[in-house]
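Dear colleague,

Please find below the structure that I am handing over to you. My findings follow directly after it, and I would be grateful if you would read them with the structure open.

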Amino acid sequence: METYTTDNALAAMGFGKFQALVLVYAGMGWVAESMELMLLSFVGPLIREEWKISAQDESLLSSVVFLGMLIGACGWGFVSDKYGRRTGLLFSTLFTTGMGFMSALSPNYLCLMALRFLVGVGVGGGHVFSSWFLEFVPAQNRGTWMIVFSFFWTLGTVLEASLAWVVIAALSWRWLLAFTAVPCFLLLPFFGITPESPRYLCAQNRMSEATLVLERISKTNQAALPPGILTYNRGIEVDQSAPTYEIDHLLPVREKECTDDNAMSSKSGSGAALRSLLSRNLRRSTLLLWFVFYANSFAYYGLVLMTSQLSDANRSCASGLRYVKSEQDASLYKDTFITSFAEIPGLIVSAVLVEWLGRKATMWCLLFTCCGFLGPLAFHQSEIWTTGLLFGARACAMGSFTVLCLYAPEVYPTSVRSTGVGIATAIGRIGGIVCPLIAVGMLRSCHQMEAIIVFEVVLCLAAIACMLFPVETKGRDMN
């Protein structure tokens, strides 16, 4: 009897209308996450002025959001691996929406900090959107469509900069918090039509449900499924006792019909998933991914915060003061708006390189280039040079981060994919917790050179780590 796998079916049907609808829904999830994070660049200075808090408390407001994201990334990853991708999407969206609207009503700094921490927990589920989307995309053009998907993140950063420019001048920061929660809320009415990942269903031995989803894709795309019955690639799942090398888990193996024991069952706990991630087969990839996620988060969110801090630091340190309030608020929004657009050329460059050089080479090339743009900022530059250099650095950081978000789901097998990416994303959030201390604390203390050197060292080490990844996943089935 003829058989086919999920990869065979997706390759036969191609990327069509069905995947386009999944792309839009998952993309809106990333728009919501990027807006919530970009919000930190604008709210901090306004909170400090209104409630007379210190610079340390201002940076702590950013750090607690990333702390929440650290917890949320692990939690939502485990939920989506155990209970389904749709379950993780629904509850993370509900949580983020509720906490986002409530934070706009905060009566004081401590309440705001607690609620933004909870927003961070919800936003920590953003990686589930990318994993869910990629599980519907054929292997042959997965890299290109991941870059397209990442444009939604850039759209969110541009929307937030535009929204802040208009809302803060006309209303207040509370309205900005409320409006920022709206995109996440708009996902809820359409949740009922979202499909479960057929890869997840196969991994859970729900073959009939997976077949129904594939038939739905076939009907929507007006493309035929391969002949035969759906089977599951058992051999690709992680076997801790198998004396194979990591690369073997990405090579084609014999297809077998799915049985109850050929995937991690829903009864498996987070401990079993973590043991799989740190098993002999995946340990090297996992540890390197943890560090590269940390470094990319540290660099990207540090650059976002530096956009609003570097010009102020240059003016205040040059005047001999510890910190002076910028009188050019419009300049802040303009600079943030311009550097947000830097992500577009970064995505275009990464889209070209990722299918030409591969995932690994694209990441380390962009990280080293980012170092080159940041180097001159160790010394005071004019405002136009500062904006231009940050533009280039952010383009490279965004391109590298995007390819990393593509590479990580391709490395892990379906049964632990969301958990693996979730834990790596959580480790990355530690970089987000630490970077405000560098991007805000050190710059305001007039230690600009030292701050830039820290960024340079982290980026160089991340580039080297990318060279050490054991496998190249370009063109491989997403098993």
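In this predicted model, the side chains of glutamate 410 and arginine 359 are joined by a polar contact of 2.8 Å. Glutamate 410 belongs to helix H17, which covers residues 383-411. Is glutamate 410 buried or exposed? Its relative accessibility is 2%, and because the cut-off for a buried residue is under 20%, glutamate 410 counts as buried.

Helix H17 also appears in the account of the internal spaces. The structure contains ten cavities of 30 Å³ or more. The largest cavity encloses about 220 Å³ of space. It is lined by 20 residues, and those closest to its centre are Trp30, Trp153, Phe401, Cys405 and Arg429. Two or more lining residues come from each of H2, H6, helix H7 (142-170), helix H13 (283-318), H17 and helix H18 (414-444). Which element provides the largest share of this lining? It is H17, with six residues. By residue type, the lining of the largest cavity consists of eleven nonpolar, seven polar and two charged residues.

One contributor to that lining, H6, merits a separate remark. Helix H6 spans residues 126-134 and is mostly covered, with nine of its nine residues buried. These buried residues are Gly126, His127, Val128, Phe129, Ser130, Ser131, Trp132, Phe133 and Leu134.

I turn next to the pockets. The second largest pocket holds about 330 Å³ of space. Its lining comprises 15 residues, of which Leu21, Val22, Tyr25, Ile193 and Thr194 are the closest to the centre. Helix H2 (17-51) and helix H11 (207-221) are the elements that supply two or more residues to this lining. H2 gives six residues, the largest share of the lining of the second largest pocket. How do the residues of this lining divide by type? Twelve are nonpolar, two are polar and one is charged.

Tyr25, one of the residues closest to the centre of the second largest pocket, is also touched by phenylalanine 191. Phenylalanine 191 sits in the loop between helix H9 (182-186) and helix H10 (198-203). With a relative accessibility of 13%, phenylalanine 191 counts as buried, because the cut-off is under 20%. Leaving aside residues up to four places away in sequence, phenylalanine 191 touches Tyr25, Arg86, Leu89 and Leu90. How far apart are phenylalanine 191 and leucine 90 in sequence and in space? They are 101 residues apart in sequence, while the C-alpha to C-alpha separation is 7.2 Å.

Finally, some values for the protein as a whole. It has 19 helices and two strands. Of its 479 residues, 59% are buried. Among contacts with a separation of 6 or more, 85% are between residues 24 or more positions apart. The protein exposes about 17800 Å², and 67% of that area is supplied by carbon and sulfur atoms.

For viewing, I would suggest starting with glutamate 410 and arginine 359, whose side chains make the polar contact. The lining of the largest cavity, to which H17 gives six residues, could then be followed by the lining of the second largest pocket, to which H2 gives six.

With kind regards

Terms used: Residues are numbered from 1 along each chain as its sequence is written. This is a predicted model: local features need pLDDT of at least 70, side-chain atom pairs count only at pLDDT 80 or more; totals for chains, interfaces and linings use all residues. Side-chain values use heavy atoms; hydrogens and water are left out. Helices (H or I, at least four residues) and strands (E, at least two) are DSSP runs, numbered from the N terminus. Buried means under 20% relative accessible area, exposed over 50%, partly exposed in between (1.4 Å probe, protein chains only). A polar contact is a pair of N or O atoms within 3.5 Å; within protein, one must be able to donate a hydrogen and the other to accept it, and residues adjacent in sequence count only if both atoms are side-chain atoms. On a 1 Å grid over the protein atoms alone, a cavity is a set of points where a 1.4 Å probe fits but cannot get out, and a pocket is an open set with protein on both sides within 12 Å along at least five of seven lines; lining residues have an atom within 4 Å of a point. Grid points are joined across faces, edges and corners, and a volume is the space filled by probe spheres set on the points. Ala, Val, Leu, Ile, Met, Phe, Trp, Tyr, Cys and Pro count as nonpolar, Asp, Glu, Lys and Arg as charged, and the others, Gly among them, as polar. Contact means heavy atoms within 4.5 Å. Accessible areas come from the Shrake-Rupley method with a 1.4 Å probe; for residues, only the protein chains shown count as cover.
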